[in-house]
Amino acid sequence: MNKIDDKPLLRVEKLKKYFTKRLSVIQKRSRIVRAVEDVSFSIYPKCTFGIVGESGCGKTTLLRCIFQVVKLTSGNIFFEGENLAELSRNELRDKRKNMQMVFQNPFISLNPRMSVLNIVSEPLRTHTEINFEEIRQRVLILLDQVGLEKDHLYRYPHEFSGGQLQRIAIARALSLKPKFLALDEPTSALDVSVQAQIITLLRDIQEELDLTYLFISHNLTMVHHISDFISVMYLGKIVESGLADEVFHQPQHPYTQVLLSSTPSLSAQYRKDRIITKGSVPDASNPPSGCAYHPRCQHAMDICGKIDPELLIIGDHHQAACHLVNS
Amino acid sequence: MIILEKVLNITSSSLFNRLEIRFQEYVLMWRVFKRDYLSLVSFIVIVLIVLAVIFAPIVTPYPEQGEGLPNLESRLQAPSTEHPLGTDELGRDLFARILYGGRPSLTLGFLVVMIACAIGIPLGAIAGYFGGWIGQVIMRITDMFLSFPALLLAITISAALGPSFTNAMIAIALTWWPQYTRLVRAQTISVKELTFVEAAKATGVSDLSIILRHILPNVITVSIVQATMDMGSAVLMGSALSFIGLGIQPPKADWGNMLTSARIYFSNAPWFALYPGITLLLVALSFNLLGDGLRDIIDPQSRRQR
Amino acid sequence: MKLQPLLSVKELHLHFNTYAGKAYVLNGVNLEIMNNDFMGLVGETGCGKSLTSFSILKLIPPGGEIISGEIFFKGDNILIKSEKEMRRIRGQQISMVSQDPSAYLNPLFTIEQQITMVIKQHQDLEKNAITQKAHDLLQIVELPNPGGILKSYPHELSGGMKQRVAIALALSCKPDLLIADEPTTDLDVTIQAQILDLLQKLRKREQLTILMVTHDLAVVAETCKSVTVLYAGKDVETGSVDKVLYESKHPYTKALLEASPNPKTRGQKLSMIPGKLPSTSERQFGCPFSSRCPKAMPICNRVIPTMKQLDEDHKVACFLYEDERVR
């Protein structure tokens with residue numbers, strides 16, 4: 001499972017994405033929103049890479065950049081060794097077959113006016129020239145893989161429950177036999193018992209189809225449960241990264257520690273003394289100087305407000321961006 | 001692709017399964033619709049009128065009179081058993097004339113709305129989806145058309161082209177399409193932000209496909225509601241044009257030109273003006289209420305308030 | 001002598017008349033909240049927990065009808081009260097905070113104006129007294145810079161701040177019972193921790209009784225004292241958090257716990273609950289969970305189990321425990 005010596009399937013190198021935000025309609029002033037700031041990571045084949053972060057941390061923008069839905073401000077994205085930005089339109093289209101995404105809210109990620117057949121077959125119809133009958137067969141196989149029935153083929157989204165909708169979304173994502181699947185909070189809109197079903201399904205198909213996952217969530221427990229690696233994002237930057245167990249049990253960055261302690265847990269032993277943070281995530285268009293977390297940090301030192309810490313290696317795969325780690 | 005799929009599906013046994021599923025949905029929609037008595041009544045009224053107009057030769061015993069053959073012996077007769085709504089200034093049975101007059105009037109209303117939609121909806125979708133300078137150009141042209149008072153614009157175009165059914169139709173359609181552009185553009189802007197559009201983009205679906213298969217089906221419902229309500233207004237405007245002589249010319253029957261002729265005789269033969277007028281009112285009102293009722297089915301919010 | 005509960009819901013049955021027929025949403029809900037308790041009402045989507053809380057306030061959505069049952073608040077049956085009497089109870093004795101604070105706060109008015117409106121509605125005070133009270137309320141909910149916030153508009157505040165304002169509004173008339181309907185579902189984990197911490201403090205300081213409706217068992221485990229588990233419109237297990245969540249007896253509660261991701265079970269499969277929630281359009285006979293229960297017996301689909309008292313603070317409605325009685 002952990003083939004770390006292989007070449008990475010997806011490599012993000014110093015990715016930056018800035019937006020310009022107009023401050024007021026009348027005045028010409030505008031601020032730069034640093035949605036993603038200098039993010040780098042590698043995802044190895046057949047692994048599950050988890051990204052944890054709260055709202056405003058940039059994970060959605062990161063996904064959009066990886067999938068080339070928006071243009072990068074700077075940085076590179078390498079998929080299967082090739083730089084996505086340097087590919088021609090046709091080559092990019094081909095690459096897209098190997099990268100698919102499952103979105104957060106299945107109630108709105110599926111067109112309510114399309115039948116299940118049309119929804120699941122859309123990627124196939126876009127990228128291939130297969131005739132209708134074969135498409136139907138393939139969709140039936142996909143539906144079976146995700147645990148849905150034959151007669152669901154002609155139904156519409158509003159007839160299904162959240163869990164079933166997410167299965168449809170997964171079937172759609174699998175239709176082009178991708179190598180890489182990005183999952184943006186795939187279970188956040190679902191009930192607990194349904195979450196378990198979807199996570200189990202994802203695990204099963206990962207093994208069956210040799211898939212690589214990028215799993216994004218704000219739920220640290222869930223991410224820890226399913227991922228091999230975890231990266232913690234705050235205000236556009238990765239503040240800590242490493243093997244799932246390392247990050248979860250030995251968090252080095254104060255934000256990770258806070259995240260961990262704030263996450264409600266059923267196990268009493270993981271219920272640490274609550275570190276209550278002050279305030280909330282700052283505005284991305286007006287970030288604090290130095291380390292973005294320092295105004296809320298319980299261990300903030302002088303240097304934290306002045307210099308932004310780099311990601312330092314503290315273990316085999318464990319990295320953290322914090323001045324505390326230095327000492 | 002969709003048509004191909006449908007054709008092939010007819011041969012498959014799952015057709016019955018699908019029909020059954022769709023049937024249940026339509027039953028549900030009908031039940032919601034039924035509750036609104038006003039809409040139901042207007043629906044029935046429209047159906048009756050349309051049927052009567054289509055089957056005019058069977059409904060009225062005076063088909064030739066409806067088509068303009070005068071019968072000078074029975075001029076301006078009050079409603080009687082022979083002539084249920086009376087006769088006009090040339091002795092023609094009024095009921096027959098109203099029915100036959102309905103043909104151009106209703107057809108005009110229908111075609112105008114169709115043309116307006118055919119122009120307005122795609123423009124709105126393009127303007128909304130692409131935005132930028134295309135959107136700006138389209139919207140400015142739309143605004144231009146919208147700033148003319150509709151009736152005046154229609155009169156001008158019609159007068160320029162010459163009085164006839166086709167020209168009246170073109171004239172009105174040209175004043176009507178901007179509404180749809182505005183409507184559809186607003187809807188498109190909100191729909192294109194929805195996740196499933198993003199999902200399609202991430203898969204690499206082309207812009208054209210996205211507009212056709214994702215945006216349009218989701219904005220069409222609002223347009224249908226608007227179109228239904230507009231049908232009545234289009235009929236009214238068509239009649240307005242023929243009233244001033246720019247549409248169907250006499251002796252062909254048309255509600256508008258019937259009113260023109262009826263004006264002079266209003267004091268001694270009020271039925272002559274009254275009945276075509278009431279028919280117009282009924283048609284416009286019914287389409288309006290029907291559109292309201294449709295909106296209530298389509299908009300789930302208002303459904304809950306019943 | 002047993003203390004009288006502050007709120008007591010007995011065998012509440014609620015039906016909805018929809019175009020698709022009748023919906024049997026609440027099928028005999030029982031709830032007992034003692035004074036100064038922190039009760040969690042837990043269940044998945046569709047179990048009727050939000051409707052139960054709305055019924056307590058007699059704010060039943062159109063189309064709904066209470067068929068039978070009683071709700072006693074401070075000894076009075078709420079269900080027979082007139083709308084006029086209810087208006088005096090709502091806001092003054094029973095208050096509610098909901099999931100989306102933006103739904104409470106009118107974007108056109110400042111916070112000060114809104115708090116003033118609420119206070120004026122229920123109490124007759126002078127202008128200065130009202131402003132002072134507004135100030136005090138914001139301090140009670142631990143908002144920094146109350147003066148500045150009073151002058152702000154809702155859109156200028158963050159999610160966490162808005163929720164605090166909503167809580168302040170709810171507390172403006174010192175109610176006895178606060179109903180919190182998924183108050184932290186939309187908030188980030190760290191903010192959630194802050195709000196939950198606040199609620200716990202408020203319970204102690206203001207002698208408040210809190211009923212928190214949520215689908216998150218972990219939240220209940222960490223913040224509540226008692227919990228009631230709902231399934232398909234029926235309460236199935238109730239008691240102290242320790243007993244219900246750590247010595248669960250009802251198969252549904254156990255299944256729910258096993259389906260929740262837990263750091264201890266990392267890498268293992270999450271156990272799933274087979275089957276689906278029963279449809280609300282079908283009348284229930286017998287235990288609602290019987291169709292999915294791994295331990296179902298023939299009697300389970302024929303007779304509805306009643307609540308059996310297993311312990312002083314533990315009750316369960318299940319035929320497996322038919323023979324156990326109060327010790």
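In which sense, parallel or antiparallel, do strand 9 and strand 10 of chain A pair, and over how many bridges? In this predicted model, strand 9 of chain A and strand 10, which spans residues 237–243, are paired in the antiparallel sense, with six bridges between them. One of the bridges to strand 10 of chain A links A:Met233 with its partner A:Ile238. The two strands form a hairpin with two residues between them, in which A:Leu235 adopts a positive phi near 50 degrees.

Strand 9 of chain A also pairs with strand 3 of chain A (residues 48–52), in this case in the parallel sense and over four bridges. Here A:Ile51 is found opposite A:Ser231 of strand 9. Strand 9 itself, covering residues 229–234 of chain A, is mostly covered, and six of its six residues are buried. In a regular strand, side chains alternate between the two faces of the sheet. Accordingly, A:Phe229, A:Ser231 and A:Met233 point one way from strand 9 of chain A, whereas A:Ile230, A:Val232 and A:Tyr234 point the other way, and all of these residues are buried.

A contrasting environment is provided by A:Glu310, which is located in the loop between helix 10 (254–262) and strand 11 (312–313) of chain A. A:Glu310 is classed as exposed because 11 other C-beta atoms lie within 10 Å, and the class takes in residues with 12 or fewer such neighbours. The C-alpha atom of A:Glu310 is separated by 8.7 Å from that of A:Val239, although the two residues are 71 apart along the chain.

The packing of helices in chain A was examined for helix 6 (residues 162–174) and helix 7 (residues 192–209), whose axes come within 9 Å and cross at roughly 20 degrees. Helix 6 of chain A is therefore roughly parallel to helix 7 of chain A, given that angles under 35 degrees are assigned to this category. The crossing of these two helices is right-handed. On the side of helix 6 of chain A, the contact involves A:Gly162, A:Gly163, A:Gln166, A:Arg167, A:Ile170 and A:Leu174, which meet A:Val194, A:Gln197, A:Ile198, A:Leu201 and A:Ile205 of helix 7. By residue class, this contact between helix 6 and helix 7 of chain A comprises six nonpolar, four polar and one charged.

In chain C, eight strands make up an open sheet with mixed pairing and the order 6-7-8-3-9-10-12-11. Strand 6 (94–97) and strand 11 (308–311) of chain C occupy the edges and have a single partner strand each, so one side of each lacks a neighbour in the sheet. On average, neighbouring strands of this sheet are turned by 20 degrees against each other, direction ignored. At one edge, strand 6 of chain C runs parallel to strand 7 (residues 177–181) of chain C and is joined to it by four bridges; C:Val97 has C:Ala180 of strand 7 as its bridge partner.

Between the two chains, 35 residues of chain C are in contact with 30 residues of chain A. Helix 7 (189–205), helix 8 (217–223) and helix 10 (251–259) of chain C each contribute at least two residues to the side of chain C that touches chain A. Helix 7 of chain C accounts for the largest share of that side, with seven residues. The side of chain C that touches chain A consists of 17 nonpolar, ten polar and eight charged residues.

Definitions and conventions:
Residues are numbered from 1 along each chain as its sequence is written. Chains are lettered from A and ligands numbered from 1 in the order in which they are written. This is a predicted model: local features need pLDDT of at least 70, side-chain atom pairs count only at pLDDT 80 or more; totals for chains, interfaces and linings use all residues. A residue is buried if 20 or more other C-beta atoms lie within 10 Å of its own, exposed if 12 or fewer, and partly exposed in between; C-beta atoms are placed from the backbone. Two strands pair if DSSP finds at least two bridges between them. Axes are lines fitted to C-alpha atoms, for helices over the stretch in contact, and angles run from 0 to 180 degrees between N-to-C directions. Angles under 35 degrees count as roughly parallel, over 145 as roughly antiparallel, 65 to 115 as roughly perpendicular and the rest as oblique. A crossing is left-handed if the near helix is turned anticlockwise from the far one by less than a right angle, and right-handed if clockwise. Two residues are in contact if their C-beta atoms, placed from the backbone, lie within 7 Å. Ala, Val, Leu, Ile, Met, Phe, Trp, Tyr, Cys and Pro count as nonpolar, Asp, Glu, Lys and Arg as charged, and the others, Gly among them, as polar.
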